[in-house]
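Let's take a friendly walk through some side-chain contacts in a protein. Keep the picture open beside the text as you read.

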Amino acid sequence: MTFDPSPWPGDREVALYQWVAGNERLDPDRAARELGLARDEVDAALTALTERGLLKADADDPTRLRPVDPDLVAAVVTTSLEETIRAQQSELHRIRDQFASLRGHYRDSLSRVSVGLEVIPGLEEVRAALNRASAECTEEMLTSQPGGNRVPAALQEALARDTALLSRGVRMRTLYHHTARFNGPSQAYVAMVSGLGAEYRTAHELFGRLIVFDRRVAFIPDQGDNWGAVVIREPSVVHYLCEVFEQSWTHAEPFADAVTDGLEAVAKDIDRTIVRLLAAGMKDETIARRLGMSLRTARKHIADIMETLGAESRFQAGFLSARQGLLGEESTDTASPG
């Protein structure tokens, strides 16, 4: 006997089974009257019960029906289903075991094959890696260099690398903090390399240090204090870093403007940024890092701003700046109530 998965037994079958169990003899007309069913409904229910083996005729008296234990019938009916389930479970375990046998090989591959990240622990190793990537670069180099003061020795080392890149027709774009415009060595370096075709822009805040060669390999700082770097070759991550750079580049200002006649505007931009960061409750150390200036310089800017505004607290400095329109927003005098 095979199992029919359709819903069964229904109300009519249950009612007729109960009626037969109580009467031990089937009288279809009487059963129909007492159960409130039509005769054809009784006949259909009887056929279903007998086909399932739940009702059987008495061997000595064919007109007499007796109910059969439903648990025994269920055991017979579901045998094939249980066998099918056991076979499927066995196949499921076999497939899982086959895939599990590959797990060790996959883990071994992770230990042998680069996953797109390489940590370079020391400064000398980082310099060597940068020089090699620079020598292999053929199309473009993107750089974000936070900090306002570039060490002359570092600029001299970068000059040879950057000159070689530009001589090969590589496009080179660099982002600095606004504070780099006030640094003499940085100004001289930008003026020199810009003449060779390099592009420089500055912003009051940068996302961090980054160098990308040909949009294929990127260098970011290691989280330690050893001047190490993390080299990224995974295409999706490198693409994401390039998008971050492009967004900052779009909102940055050309360095050359500050060298000629934009220093006053840049200074005001820096002061507005400091006031905004003060109003946000940031500490002096955080402000200095965000703007790429020394802690001493940042504190001098803060003191000068508060003295100019006549503010006795950082919060008051932010409030007074907003009233005077120094944050680039509408003053509170013209703001709508509420």
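Is Arg-215 buried, partly exposed or exposed? Arg-215 counts as partly exposed, because its relative accessibility is 36%. Keep in mind that this is a predicted model.

**Charged partners**

Arg-215 has a partner of opposite charge: its side chain forms a salt bridge with Glu-140. This contact links distant parts of the chain, since Arg-215 sits in the loop between β7 (210-213) and β8 (217-221), while Glu-140 belongs to strand β4, 75 residues apart. Unlike its partly exposed partner, Glu-140 is buried, because its relative accessible area is 12%, and the cut-off for buried is under 20%.

Glu-140 also meets Arg-173 in a salt bridge. Here strand β5 (residues 171-177) supplies Arg-173 and strand β4 (residues 140-145) supplies Glu-140, with their positions 33 residues apart in the sequence. Both of these residues are buried. Through shared partners, Glu-140, Arg-173, Arg-215 and Glu-246 are joined by salt bridges into one network.

Elsewhere, Arg-233 and Glu-118 form a salt bridge as well. Arg-233 lies in the loop between β9 (229-232) and α10 (235-251) and Glu-118 in strand β3 (residues 117-120), so this pair ties together parts that are 115 residues apart in sequence. Arg-233 is partly exposed at 40% relative accessibility, and Glu-118 is partly exposed too, at 32%.

The three salt bridges described here are listed below; the structure holds 16 salt bridges.

| Salt bridge | Closest N to O distance |
|---|---|
| Arg-215 and Glu-140 | 2.8 Å |
| Arg-173 and Glu-140 | 2.9 Å |
| Arg-233 and Glu-118 | 3.2 Å |

**Aromatic rings**

Now for the rings. How many aromatic pairs does a search of the whole structure find? It finds four. In one of them, the rings of Tyr-176 and Phe-255 have centres 6.2 Å apart and planes at 70°, so the pair is edge-to-face. Tyr-176 is in strand β5 and Phe-255 in helix α11 (residues 255-279), 79 residues apart. Tyr-176 is buried, with a relative accessible area of 2%, and Phe-255 is buried at 1%. Phe-213 and Phe-219 make another edge-to-face pair, with 5.9 Å from centre to centre and 85° between the planes. Ring pairs also link Tyr-176, Tyr-200 and Phe-255 into a cluster.

Finally, let's return to Arg-173. Besides its salt bridge with Glu-140, Arg-173 lies over the face of Trp-249, at 5.3 Å from the ring centre.

Note on methods:
Residues numbered from 1 in each chain as written. Predicted model: local features only at pLDDT ≥ 70, side-chain atom pairs only at ≥ 80, totals over all residues. Heavy atoms only, no water. Salt bridge = Lys/Arg side-chain N within 4 Å of Asp/Glu carboxyl O. Helix = DSSP H or I, 4+ residues; strand = E, 2+ residues; numbered from the N terminus. Buried < 20%, exposed > 50% of the residue type's maximum accessible area, 1.4 Å probe, protein only. Phe/Tyr/Trp six-rings, centres within 6.5 Å; stacked < 30°, edge-to-face > 60°. Lys NZ or Arg CZ within 6 Å of the ring centre and 35° of its normal.
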